[in-house]
Amino acid sequence: MHKTPSPLGGLDYLASAVLLLDAERRVCYANSAAENLLKSAGRALLGQALETVIHYTATLQQALDNAVANNWSYTGQNVEIRLGKSDGEVLHLNCTVTPTQCDEAPEVRMLVELQPIDQQLKASREERLIEQQQASRELIRNLAHEIKNPLGGIRGAAQLLEHELGNPALREYTQVIIKEADRLQDLMQRLLSPHRVAMQPRLMSVHEVLERVRSLLHMEFPETLAIQRDYDTSLPDLTADREQLIQVFLNVARNAAQAMDGKGEIVFRTRSARQVTLVKRRFRLAIDISIIDNGPGIPDDFKERMFYPLVSGRPDGTGLGLTLAQSFVQQHHGSIECESRPGYTCFLIRLPIR
Ligand SMILES: Nc1ncnc2c1ncn2[C@@H]1O[C@H](COP(=O)(O)OP(=O)(O)O)[C@@H](O)[C@H]1O
Ligand SMILES: [Mg+2]
């Protein structure tokens, strides 16, 4: 496609999006990065007032006015704009407006530079989340240790007491103490266990693991639960701990089945992902495993918290399933993310290969 050359020369080679505007904020020129960012061809942008192309805040409007009226420059961090109408896609950008004069194109009055920061924001948010999760897991682990030790003492003492009791009716009370101590002991054990077992990685097919999970789920929810497979069979094997992976997929898929009361459809999907960054490391190849259900979905405010230990949305839940899944995925240098709305919930587990 033929493109109007830049009156300032060389702008097409820039990675950041650049627009040249006249005094009425009409587009005189858009470089290739701007066309990509704004999802329009340069020719469609030419002559359009900026406010018809994107929907932006009053601050940016003022910055544009100031550039023309007062020759002022402006730099805004994390400026929010929307593509097209007010209900268009939201972009977060760093934005610079520079008053400009140009002999070749005297109508040009300002240069607007836009740099998307969504990727940047997402990465730093992920980093922060991982730090928080590590801190909360550490806290839980220490707490579990502190609770476990005296629990043993309480249980032992209740047992001794039971032997000494003359009245058998009183045993009911010691039994309550013992049973509850056992229950707590069991919970503490589960809080501590993911950090105890060393990983035993070996080469395996992710599909073989998913098939195992599928048959486990079928046993648990017979008849009414449908599990569809959408596998990319060309995927290479990966090196991982089989037991841990089974636990990850099982915990996620079991939640999906429980959310639908065992009635509904779950999809296991596998795909390859190329050139991905996972926790600051770049990988050439990774496997994406999506576990998708058509259940009620997860409210946004709950989504933020559901990976935390002991956070459950079910009356009989322990709130450890996702914590454990996340912990195992992170041990594999992978990531686990969730996207959800009513009728569609997808847990995406990304595991790096090389
Ligand atoms: N696919 C899903 N659909 C709806 N809610 C879900 C889904 N997956 C997880 N959840 C919510 O997240 C909560 C936490 O899950 P989890 O950590 O496994 O703990 P538990 O299953 O013991 O409650 C669940 O109780 C449920 O409310
Ligand atoms: Mg669960």
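This passage describes the surroundings of ligand 1, the nonpolar cores and the place of D288 in a predicted model.

The shell around ligand 1 is made up of 20 residues, among which N255, D293, S312, G313 and R314 come nearest to the ligand. By residue type, this shell divides into nine nonpolar, nine polar and two charged residues. Several elements of secondary structure take part in the shell, since at least two residues each are supplied by helix 8 (242–259), helix 10 (321–331) and strand 13 (344–352); of the contributions to the shell, that of helix 8 is the greatest, with three residues. Oxygen atoms of ligand 1 are approached both by a side chain and by the backbone: a polar side-chain atom of S312 lies 2.5 Å from an oxygen atom of the ligand, while a backbone N or O atom of G313 lies 2.8 Å from an oxygen atom of ligand 1, and for T318 a backbone N or O atom is likewise found 2.8 Å from an oxygen atom of ligand 1. Taken alone, ligand 1 exposes 530 Å², and 93% of that area is buried by the protein.

Attention now turns to the nonpolar cores. In soluble globular proteins, nonpolar side chains tend to be buried together. The largest nonpolar core of the model contains 43 residues, and the members that touch the most others are F249, I266, F268, I289, I291, F347 and I349. Helix 8, with nine residues, gives the most to this core; the helix that leads in the shell around ligand 1 is therefore also the leading contributor to the largest core. The contacts of I349, leaving aside its neighbours within four places in sequence, include V248, F249 and V252, together with I287, D288, I289 and I291, and also V329, S335 and I336. Separate from this core is a second one of 29 residues, which includes V27, V53, A63 and C95.D288, one of the contacts of I349, is placed in strand 11, which spans residues 281–293. With a relative accessible area of 11%, D288 is buried, because this value falls under the 20% limit for a buried residue. The side chain of D288 is joined to that of R350 by a polar contact of 2.6 Å. When residues up to four places away in sequence are not counted, D288 touches R269, T270, R271 and A273, as well as L348, I349 and R350.

Terms used:
Residues numbered from 1 in each chain as written. Chains lettered and ligands numbered in written order. Predicted model: local features only at pLDDT ≥ 70, side-chain atom pairs only at ≥ 80, totals over all residues. Heavy atoms only, no water. Helix = DSSP H or I, 4+ residues; strand = E, 2+ residues; numbered from the N terminus. Buried < 20%, exposed > 50% of the residue type's maximum accessible area, 1.4 Å probe, protein only. Polar contact = N/O pair within 3.5 Å; in protein donor to acceptor, adjacent residues only side chain to side chain. Contact = heavy atoms within 4.5 Å. Near = heavy atom within 4 Å. Areas by Shrake-Rupley, 256 points an atom, 1.4 Å probe, with all protein chains shown as cover. Nonpolar A, V, L, I, M, F, W, Y, C, P; charged D, E, K, R; others polar. Core = buried A, V, L, I, M, F, W, Y, C linked by side-chain atoms within 4.5 Å.
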